[in-house]
Amino acid sequence: MFNGLKIFLTKNKMKVAVAITALFLFISAINYVFIFNITAQSNDECLWTQKKYLTKDSTFILIEQVKVEGVTWNAGIRDGDELIAIDGRRTRNTFIATQILDKVQKGDYATYTVRRGEVIFEAPVLVKKLINFSGLAINLLATFWLVVGFIVFMAKPEGRIQRLFFKIGLMFVLLSSTSMLYRGNVVDSPIFKIPFLYLLVDNIAVLGFTLITFMLIHFFSIFPKEFIYVSKKWFPKTLYIIAALIFTLGLIIKIIFWYINGNLSVYILLNQIGGIMILAAFIFGFVLLWINYTRLKSKKERLPIFIILIAYFIGIAAIIYTNFIASAVVGLIFNNPTFFTPIILIALLPIAFGYSIFRYSLMDVSIVIKNAIVYGTATATLAGLYFLLIYVIGQSIGSVLSDEYQGIIAGLIFVVFAVVFQSTKDKFQDLLTQKFYPEQFLLQKSLLKFSNEVASIVGIENIMDSTQQLYIKSLKLKKFGLMLFHNHHGNHFRIVRQEGFYNTNLKIFDESGEIQNYFRNQIMLGKRPLLEQQDFKSNVESKFAVLLEEEIYTVVPMIIKSKVIGLLLFGLKFSGSQFSGKDLDLLISAASQTALSLENARLYESEADKQKIERDLENARIIQEGLIPKKFPQLNGIELFGQMIPAMQVGGDYFDLIKLSEKKLFIVIGDVSGKGLSASLYMSKLQTMMKLYCRDRVSPKEILSEINAKMYDEIEKNWFITISLALIDLEKRELIYCRAGHTPLLKFNNSLYELYQPSGVGIGLDKGDIFESSLEEIIIKIKKGDLYFFFSDGVTELMNEQEELFGIGKLKLFLSEHQIEKTQLIGNQMMSSLNSFRGEIDQYDDITFVLLKIL
């Protein structure tokens, strides 16, 4: 159960982080309400002292330290006067007097009944309000830290420093909950009316007190550079064990002495100890940050840390001044509240962090912010232009057409422009990437070219040379390495290609499989399978620490069938920055492609008899051609045509037309993830199953579910199959459509098109629950003139010599120009158009399509 929860939280960490941040911001907002409204104290700029009568067994309130020219002074009250009543209500003690005065609003007058000697008189006193400056300071610190921490976490949720920084913000919010307890039950607070709520808030605040102390020590032990003791396994465990023990001990003492016996002095003492712990942690963190600052070599590294240090020093100085100096220098806070406000300066610390993070690229955040601003602004601008254009066209048409057609036309215009907007937006974003992020654009372009070429490269050595050339020559990396796994002389990874390495014979041993297990667990938890420099010492038993000397910053595994067959090692980019964000996704994709190519090359090189393989492939081609329909079923009211052209001798695409009756027909089109002999074998098995399961009174969704259940345990784990399955019912005039991760269905009628893309994942990716829950079945009403186009991605992803894709746009244009023709003629012209577009370049993927026309 715990592992299941852990996997769920890891896979949904972004959504969970958003929800937690929203909750804690709500708590922070409640704290502000308490600070400015509920716990704000009325202030009359003097001191009330509760005294006991010498001759009576009762108490009275003595007025002292009246501020000269203050509101009480101006009302004629002086030191030594006795406060008898406020607004006619008797003030027997300071508790009652405070409650009465708190009900008077700021700026209103309270009538004091005062005795001076034998004279009793009334005096109107202007009421001011005094807020909890310390609580406000902590809450501002918590709010700012939480916001910055959230952005830092979202930029790199797998980063250890980023996660800890975010958690500190959360703990500061818990700590700031003490604002709700300020002044106790003197004020009319809802917290003290519900015992359970008081216990909850009180102990949540204590938890924040305890954890924040040790989290600050932990954070400044690894930021900006890690101290050597942090790599010891005992350090983080010991740190938080001590925190847990302190919290437990404090809770026990509080229960015994405060909750049970009501000993206020013990409760106050515990709070003072907590305050001292926080101050000590702040000071200790400052010392660690200062030491780390002195360890930094370049001015570029030191400048952002110096900004944080200045803010940090100001914050600590503000804490010390407010708590230990201000009252001694200026006296009573009621008389001189302004002198106690510098405590708010502690909020400069997260502000300084935020400035340094965004301005100087600390914690890999600036690229995320820049992406959000550039792409967000561009998309919003483009959307605005489109909506303006829709409005102008709508107004023009509205002036011509009658009211009954305006709504229909407006809807059609909106749908058309919505589709056009999406395609234009994608192209616009590609243009922005090229303009504002040339390194990222170069990486994308180089990896796309590499992905297209590497599958056709023969030989492991040639693939490794091509991989090295990609990163060194195309991307201009000064530090790059490629390591392959070897299981002789001990399991280890050995460097086989490198650039800029000091140790050209580098080996990383993995005798117990820690490296294999680490990356396998990363994938299982839904994390990116990679390791970054900040984690070299703290993960995988420090096996990657040897890469620190080689100035490697990122390690990406090459994985086949859950086995790490090699490692790609990356230094800094040509610009001097570390790979992050979308760059990492591109590197992972390239590593997967390289791994697949290396594995395929290894398999091919292990075959001793190449001629036998050729004969087998030729036989497989003949068999596969026999599985594809040569003649198409004849049904009144429809025309059919299908075509499958494999990229190799045999392919992984498949289509079939299964006639049930004169009124019903199944159309099947599938694509196995891969090409060649293995893909064709899966395809033939799929064709057999389809023949078996496509029967009357069974829906496409039920058929796909049955096939997935059968094939899941038989298909290799790095393979899957996408399928589109449609049942045409001419009697009901409907088409029931379901797709398991396949390309969408395209329909044309009178130059208008629709794209049907119900949800669904590929066969073989999940055994049952996720597959069935994601599978969606839709019903499409068919009518005369409808042209339906079922196709595999080999059609739209066909590439020409200029590395341009045929794309959905050219496909729509072709079908709109030929939709009135016979399906066989459309199909033949489609192949001619595809071949003409491809030119002399080799066909990369199988091309398969089925045409259905309703007569």
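Let's start with Arg295, which is partly exposed at a relative accessible area of 35% (buried means under 20%, exposed over 50%, partly exposed in between, with a 1.4 Å probe and protein chains only). Arg295 sits in helix α9, residues 264–295 (helices are DSSP runs of H or I with at least four residues, strands runs of E with at least two, numbered from the N terminus). This is a predicted model, in which local features need pLDDT of at least 70 and side-chain atom pairs count only at pLDDT 80 or more, while totals for chains, interfaces and linings use all residues. Residues are numbered from 1 along each chain as its sequence is written, and side-chain values use heavy atoms, leaving out hydrogens and water.

**Surface patches**

- Arg295 joins Lys225, Lys297 and Lys537 in a positive surface patch.
- Patch members have over 30% relative accessible area and no salt bridge, with like charges joined within 9 Å and nonpolar side chains (Val, Leu, Ile, Met, Phe, Trp, Tyr) within 5 Å.
- Lys and Arg count as positive and Asp and Glu as negative, with His and the chain ends not counted; each charge is placed at NZ of Lys, CZ of Arg, CG of Asp or CD of Glu.
- A nonpolar surface patch has about 720 Å² of accessible area together, and its members include Phe144, Leu303, Phe306 and Ile351 (areas come from the Shrake-Rupley method with a 1.4 Å probe, and for residues only the protein chains shown count as cover).
- Helix α10 (299–330) gives the largest share of that nonpolar patch, 5 residues; one of the patch residues, Leu303, is partly exposed at 35%.

**Salt bridges**

- There are 22 salt bridges, each a side-chain nitrogen of Lys or Arg within 4 Å of a carboxyl oxygen of Asp or Glu.
- Lys128 pairs with Glu45, their closest N and O atoms being 2.9 Å apart. Lys128 belongs to strand β8 (residues 128–130) and Glu45 to the loop between β1 (41–43) and β2 (47–52), so this pair ties together parts 83 residues apart in sequence.
- Glu45 is buried at 5% relative accessibility, whereas Lys128 is partly exposed at 34%; Glu45, Lys67 and Lys128 are linked in a network of salt bridges.
- Arg497 and Glu461 meet at 2.6 Å, N to O. Arg497 lies in strand β10 (residues 492–499) and Glu461 in helix α15, so the bridge connects parts 36 residues apart in sequence.
- Arg497 is buried at 14%, while Glu461 is partly exposed at 46%.

**Helix geometry**

- Helix α15 (residues 460–474) has 15 residues and an expected span of 21 Å, which agrees with its end C-alpha atoms being 20 Å apart (the expected span is 1.5 Å times one less than the number of residues).
- Buried residues of α15 include Ile460, Ile463, Met464 and Tyr471.
- For the 12 residues of helix α20 (residues 700–711), the expected span of 16 Å agrees with end C-alpha atoms 16 Å apart.

**Backbone details worth a look**

- The peptide bond from Phe223 to Pro224 is cis, with omega near -5 degrees; Pro224 is in the loop between α7 (195–222) and α8 (234–260).
- Glu69, a residue other than glycine, has a positive phi near 65 degrees, and Glu69 is exposed at 57% relative accessibility.
- Lys476, just after α15, takes a positive phi of about 60 degrees.
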